[in-house]
Structure formats: structure tokens, C-alpha cells
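Colleague: Please take a close look at one part of this model for a first-year student. Start with the chain as a whole, then go into the detail of the part you choose.

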Amino acid sequence: MPLSEHEQRLLEQMERALHAEDPKFASALQGDKLRRRLRRRVALAVLGVLAGGAMIGYGIVTKRVALDAAGGAVVVACAWLAWIVWRRVPAPGQIVPASKLRPRRSARAGSFGQRMELRWQRRRERDGF
């Protein structure tokens with residue numbers, strides 16, 4: 001259901017006020033960091049496609065079928081990864097949920113029970129309980 005003109009004006013005013021009051025928070029809501037991280041992943045996947053293509057080319061020159069097959073698998077896997085990640089990149093100005101902006105955790109970021117408790121809390125917040 002589309003917003004009325006009055007609601008759209010109010011929303012635009014609130015967005016401008018948010019940008020003026022706290023630009024760092026506003027940019028986090030727009031997904032700049034997430035967009036940058038996902039684009040980096042796409043770039044790495046494209047490099048993987050190129051590396052797989054190089055493996056195929058080298059396999060053809062040296063007449064090694066196994067290298068061709070491995071290169072083909074790398075190309076397909078990296079192309080699939082690039083496609084999946086590219087679909088998740090938010091449009092400029094799109095508001096991204098905070099759950100997608102959470103920083104990466106290290107391998108030892110709390111015990112198993114603590115991580116499960118955090119997941120439970122996030123799920124409850126997301127579902128509105």
C-alpha cells in the first residue's frame with residue numbers, strides 16, 4: 001500500500017532531520033558499510049572466475065583434463081557466488097535492517113551458550129516479542 005503525499009512529506013522531513021542530527025547513524029541505516037562489504041565479495045568472486053578461466057586455459061594448453069574440470073568448477077562456483085551476493089547489495093539510500101550491519105565476530109566471540117542467547121534475543125526483537 002503506497003504512502004499518501006502527506007506521509008511521504010513527513011517521512012522525507014524525518015530523514016532530513018536524521019541526516020542533520022546524526023549523519024553517521026543515518027549512513028549506517030542506508031547500508032553504506034554493507035554495500036561496500038558485499039561489493040568487495042563480488043569483486044573477489046569475479047577474480048575467482050578469472051582464475052578459473054586461467055586454469056581452463058592452462059589445462060587446454062597442457063592437455064590436462066583434470067585441470068580443465070577443476071577450472072570449470074571454480075568458474076561456476078565463483079559466478080554463482082557473485083550472483084548471489086550481487087542480489088543482496090542494497091540500492092543507494094535503501095534502509096538496511098541493523099541485523100545485516102552487525103560486525104563480523106571473531107572465532108572466540110563468547111561461548112556457545114552466549115551466542116545462542118544473543119540469537120534468541122535478536123529473533124525476539126525482529127519478531128516484535
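**Helices α3 and α4 and the turn between them**

Modeller: The protein chain exposes about 10500 Å² (Shrake-Rupley method, 1.4 Å probe; for residues, only the protein chains shown count as cover), and carbon and sulfur atoms supply 62% of that area. This is a predicted model, in which local features need pLDDT of at least 70 and side-chain atom pairs count only at pLDDT 80 or more, while totals for chains, interfaces and linings use all residues. Residues are numbered from 1 along each chain as its sequence is written, and side-chain values use heavy atoms, with hydrogens and water left out.

The chain has six helices and zero strands, where helices (H or I, at least four residues) and strands (E, at least two) are DSSP runs numbered from the N terminus. Its pattern along the sequence is α-α-α-α-α-α. Of its 129 residues, 14% are buried; buried means under 20% relative accessible area, exposed over 50%, and partly exposed in between (1.4 Å probe, protein chains only). Among contacts (heavy atoms within 4.5 Å) with a separation of 6 or more, 61% join residues 24 or more positions apart.

Now the part itself. Helix α3 covers residues 32-62, and helix α4 covers residues 65-88. The 24 residues of α4 should span 34 Å at 1.5 Å a residue, and the end C-alpha atoms are 35 Å apart, so the two values agree. The expected span is 1.5 Å times one less than the number of residues.

K63 sits in the loop between α3 and α4. This residue has a positive phi of about 60 degrees although it is not a glycine. Most residues other than glycine have a negative phi. K63 is counted as exposed because its relative accessible area is 73%.

On either side of that loop, the chain comes back alongside itself at I56 and L67. They are eleven residues apart along the chain, and their C-alpha atoms are separated by 6.5 Å. I56 belongs to helix α3 and is partly exposed, because its relative accessibility is 28%. Apart from neighbours within four places in sequence, I56 contacts D68, G71, G72 and V75. G71 is one of the buried residues of α4, along with C78, A82 and V85.

V85 leads to the core. The largest nonpolar core consists of L34, L38, V42, V85 and V89. Such a core is a set of buried Ala, Val, Leu, Ile, Met, Phe, Trp, Tyr and Cys residues joined through side-chain atoms within 4.5 Å. Helix α3 gives the most to this core, with three residues. Within it, L38 touches V85 and V89, and L38 also touches R88 and P90, leaving out residues up to four places away in sequence.

Helix α3 also has a residue on the outside: L50 lies in this helix and counts as exposed because its relative accessibility is 56%. L44, V46, L47 and L50 make a nonpolar surface patch of about 400 Å². Patch residues have over 30% relative accessible area and no salt bridge; like charges are joined within 9 Å, and nonpolar side chains (Val, Leu, Ile, Met, Phe, Trp, Tyr) within 5 Å. A salt bridge is a side-chain nitrogen of Lys or Arg within 4 Å of a carboxyl oxygen of Asp or Glu.

The whole structure holds one salt bridge. It is formed by the side chains of R126 and D127 (3.5 Å, N to O). Helix α6 spans residues 112-127, and just after this helix G128 takes a positive phi of about 80 degrees.
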